[in-house]
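Me: I've got this model open and I'd like a close look at one helix and the company it keeps. Could you walk me through it in one go?

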Amino acid sequence: MTEGRSFPDMLKSLSNPRYASMLVLGFASGLPLMMVFQKLSFWLRDVGIDRATIGFMYWITIAYTLKFLWSPVVDRVVIPVLGPRLGQRRSWMVAAIAGTAIGLLVIGFSNPGQALGVTLLGAFILAYSGATLDIAIDAWRIESAGPDDQGYMAAIYQLGYRFAIMFAGFGLGLAEFFPWYVTFSVMAATMTIGGFLVLAMKEPERAARAVGPRTSFVKSVANAIIEPFGQLKDRLGVWIIAVAGVVALYRLPDFTMGVMASPLYSDLGYSKAAVGAIQGGMVLGYCSSARLREGSRSRGGAL
């Protein structure tokens, strides 16, 4: 049982490889979302992309809302080469992390002011890879711990996620002193390190369950999608439409309107270092305090 654990107890428990792995995975899950959801929108506004275009292109983050549609694929389909070597969960995590790193690099080395389509492609790769990573991490967590530990594992995951939010704030502040491609390259390198750490994690034993007779990759994907949704239809009947609507749309305002906060900060004249210092906390606060005070004085207040 994990009831009654204090914060010091939680810190001590991170010496357990399973809990330490959950912290790493929480960080890896949060970083792609923060980069595509907040930092990229600041850059787009910084180079003069109008707010309407920024808001419209962020329909791409609906990937995080619709990820339930391809979660059966992640659950059942074995990735060629990687799957037999790493196992079902770790192979999908490594593949998704590689996708996030590629997406970050495509964005970083693009020029949104002149070739917005390339930037949008990178954002697409980043968002859908990040959403896929979330699916694989949830499966790994559920299969790596018993029911009594699930709440504790989720709490450690959230701690890692918050660290990612702070580190993304550091990335925004970094863009004040270096070109944007440096920021996105640092984030891509960080995700790559996370991928190597996944290789050191233990594949859950429950993930080694039978997945049915071997078929072609395409047929495996089709079966992974059709069968689970067929089961839902049998269970819910006509109510499957309402349930799917709630699952797909309940966070839609957050993913389509929350992104406009960063363009607002840019329009108000706050520097990237100032916004990054607030979002990154103590990670960035010291190195950008002078610029933060300058930005605050120029606008008569703080964020």
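**A close look at helix α10**

Reply: Some background to begin with: 46% of the 303 residues in the protein chain are buried. Bear in mind that this is a predicted model. The chain has 17 helices and 0 strands. Take the contacts between residues at least 6 apart in sequence: 79% of them join residues at least 24 apart. The accessible surface is about 15,100 Å², and carbon and sulfur atoms account for 66% of that.

Now to α10, which covers residues 180–199. One of its partners is helix α7, residues 88–108. The two axes come within 8 Å and cross at roughly 170°. An angle over 145 degrees counts as roughly antiparallel, and α7 and α10 are therefore roughly antiparallel to each other.

Who touches whom? On the α7 side, the contact uses Arg90, Met93, Val94, Ile97, Thr100, Ala101, Leu104, Leu105, Ile107 and Gly108. Facing them from α10 are Tyr181, Phe184, Ser185, Met187, Ala188, Met191, Thr192, Gly194, Gly195, Val198 and Leu199. By type, the residues of this contact split into 14 nonpolar, 6 polar and 1 charged. If you're wondering about the spacing along each helix, an α-helix has 3.6 residues a turn, so residues three or four places apart point the same way.

Next, the aromatic side of things. The whole structure has 10 aromatic pairs. One of them is Trp43 with Trp180, a stacked pair with 5.3 Å centre to centre and 15° between the planes. Trp43 sits in helix α2 (residues 17–46) and Trp180 in α10, so this pair links distant parts of the chain, 137 residues apart. Both rings belong to buried residues: the cut-off is under 20% relative accessible area, and Trp43 comes in at 7%, while Trp180 is at 9%.

Trp43 also pairs with Phe184, this time in a tilted arrangement, 5.7 Å centre to centre with 35° between the planes. Phe184 is in α10 and Trp43 in α2, so this pair ties together parts that are 141 residues apart in sequence. Phe184 is buried too, with a relative accessible area of 0%. Recall that Phe184 is also among the α10 residues that meet α7, so put it on your list to click on.

Further along α10 you'll find Leu197. How exposed is Leu197? Partly, with a relative accessible area of 39%. Its C-alpha is 8.1 Å from that of Ser21, although Leu197 and Ser21 are 176 residues apart in sequence.

While you have the model open, a few other spots are worth a click. Phe27, Phe167 and Phe170 form one aromatic cluster. Helix α15 (residues 272–280) has 7 of its 9 residues buried, so it is largely enclosed by the rest of the structure. The buried ones are Lys272, Ala273, Ala274, Val275, Gly276, Ala277 and Gly280.

And one backbone oddity: most residues other than glycine have a negative phi. Val81, though not a glycine, has a positive phi of about 70°. Val81 lies in the loop between α5 (71–76) and α6 (82–86), and at 59% relative accessibility it counts as exposed.

Back to α10 to finish: α10 runs roughly antiparallel to α7, and Trp180 and Phe184 in α10 each form an aromatic pair with Trp43.

How values were computed. Residues are numbered from 1 along each chain as its sequence is written. This is a predicted model: local features need pLDDT of at least 70, side-chain atom pairs count only at pLDDT 80 or more; totals for chains, interfaces and linings use all residues. Side-chain values use heavy atoms; hydrogens and water are left out. Axes are lines fitted to C-alpha atoms, for helices over the stretch in contact, and angles run from 0 to 180 degrees between N-to-C directions. Helices (H or I, at least four residues) and strands (E, at least two) are DSSP runs, numbered from the N terminus. Angles under 35 degrees count as roughly parallel, over 145 as roughly antiparallel, 65 to 115 as roughly perpendicular and the rest as oblique. Contact means heavy atoms within 4.5 Å. Ala, Val, Leu, Ile, Met, Phe, Trp, Tyr, Cys and Pro count as nonpolar, Asp, Glu, Lys and Arg as charged, and the others, Gly among them, as polar. Buried means under 20% relative accessible area, exposed over 50%, partly exposed in between (1.4 Å probe, protein chains only). Accessible areas come from the Shrake-Rupley method with a 1.4 Å probe; for residues, only the protein chains shown count as cover. Rings of Phe, Tyr and Trp (its six-membered ring) pair if their centres lie within 6.5 Å; planes under 30 degrees apart count as stacked, over 60 as edge-to-face and the rest as tilted.
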